[in-house]
Amino acid sequence: MEKKEFITIRVWKDTKEKLEEIRIKEMLKNKQMVSLAKTIEILIETYNNQNKKS
């Protein structure tokens, strides 16, 4: 396996874990299923809100 492929796989694993963490928190908070797309939307909204305040 090339070094580039290894780095890509590692970054995806870290990203996937973070998305799952956010998704689980949202499901527990709202007591309903949250899709991966919704999780990404939440992450983007959070990022945008944090940068507006800066």
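**Helix α1 and its neighbours: a Q&A**

Me: In the salt bridge that E20 forms with R23, how far apart are the closest N and O atoms?
Reply: One thing to know first: this is a predicted model. To count as a salt bridge, a side-chain nitrogen of Lys or Arg has to sit within 4 Å of a carboxyl oxygen of Asp or Glu. E20 and R23 pass that test, with their closest N and O atoms separated by 3.1 Å.

Me: Okay, and about how many helical turns separate E20 and R23?
Reply: Let's start with the general rule: an α-helix has 3.6 residues a turn, so residues three or four places apart point the same way. E20 and R23 are three residues apart in helix α1, so the separation between them is about one helical turn.

Me: Is R23 buried or exposed?
Reply: The cut-off for buried is under 20% relative accessible area. Its partner E20 has 33%, so E20 is partly exposed. R23 has just 17% relative accessibility, so R23 counts as buried.

Me: Which residues does R23 contact, leaving aside its neighbours within four places in sequence?
Reply: R23 sits in helix α1. The C-alpha atoms of R23 and I42 are 9.0 Å apart, although 19 residues separate them along the chain. As for contacts, which need heavy atoms within 4.5 Å, the partners of R23 are M33, V34, S35, L36 and T39.

Me: T39 turns up in that list, so where is T39 found, and is T39 buried or exposed?
Reply: T39 belongs to helix α2. Buried requires under 20% relative accessible area. T39 comes in at 0%, so this helix α2 residue is buried.

Me: What does the side chain of T39 have 2.9 Å from one of its polar atoms?
Reply: A polar contact is a pair of N or O atoms within 3.5 Å, and 2.9 Å fits inside that. T39 also has contacts beyond its neighbours within four places in sequence, namely L19, I22, R23 and V34. The thing lying 2.9 Å from a polar atom of its side chain is the backbone oxygen of S35.

Me: Back to salt bridges: which residue does D14 pair with?
Reply: The two partners are four residues apart in helix α1, so about one helical turn separates them. D14 is partly exposed at 37%, and its partner is partly exposed too, at 40%. The closest N and O atoms of the pair are 2.8 Å apart, and the partner of D14 is R10.

Me: Which residues are linked in a network of salt bridges?
Reply: Take K18 and E21, which form a salt bridge with their closest N and O atoms 3.8 Å apart. They lie three residues apart in helix α1, about one turn of the helix. K18 has 42% relative accessible area and is partly exposed, and E21, at 37%, is partly exposed as well. Add one more residue and you get the network: K18, E21 and K25.

Me: How many salt bridges does the count come to?
Reply: We've met several already, among them the ones joining D14 with R10 and E20 with R23. With the 4 Å rule, the count comes to six.

Me: How far apart are the end C-alpha atoms of α1?
Reply: Helix α1 runs over residues 3–30. With 28 residues at 1.5 Å a residue, it should span 40 Å, which agrees with the distance between its end C-alpha atoms, 41 Å.

Me: Which residues of α1 are buried?
Reply: Take E26 as one example: its relative accessible area is 14%, so it falls under the 20% cut-off and is buried. E26 is also in contact with K31, V34 and I42, leaving aside its neighbours within four places in sequence. The full set of buried residues in α1 is L19, I22, R23, E26 and M27.

Me: What phi does K31 take just after α1?
Reply: K31 lies in the loop between α1 and α2. With 70% relative accessible area, over the 50% cut-off, K31 is exposed. Its phi is positive, in a residue other than glycine, and the value is about 55 degrees.

Me: What is the area of the nonpolar surface patch made by F6, I7 and V11?
Reply: V11 lies in helix α1. Patch residues need over 30% relative accessible area, and V11, which is partly exposed, has 48%. Together F6, I7 and V11 make a patch of about 290 Å².

Methods:
Residues numbered from 1 in each chain as written. Predicted model: local features only at pLDDT ≥ 70, side-chain atom pairs only at ≥ 80, totals over all residues. Heavy atoms only, no water. Helix = DSSP H or I, 4+ residues; strand = E, 2+ residues; numbered from the N terminus. Buried < 20%, exposed > 50% of the residue type's maximum accessible area, 1.4 Å probe, protein only. Patch = residues over 30% accessible without salt bridge, like charges linked within 9 Å, V, L, I, M, F, W, Y side chains within 5 Å. Areas by Shrake-Rupley, 256 points an atom, 1.4 Å probe, with all protein chains shown as cover. Expected span 1.5 Å × (residues − 1). Polar contact = N/O pair within 3.5 Å; in protein donor to acceptor, adjacent residues only side chain to side chain.
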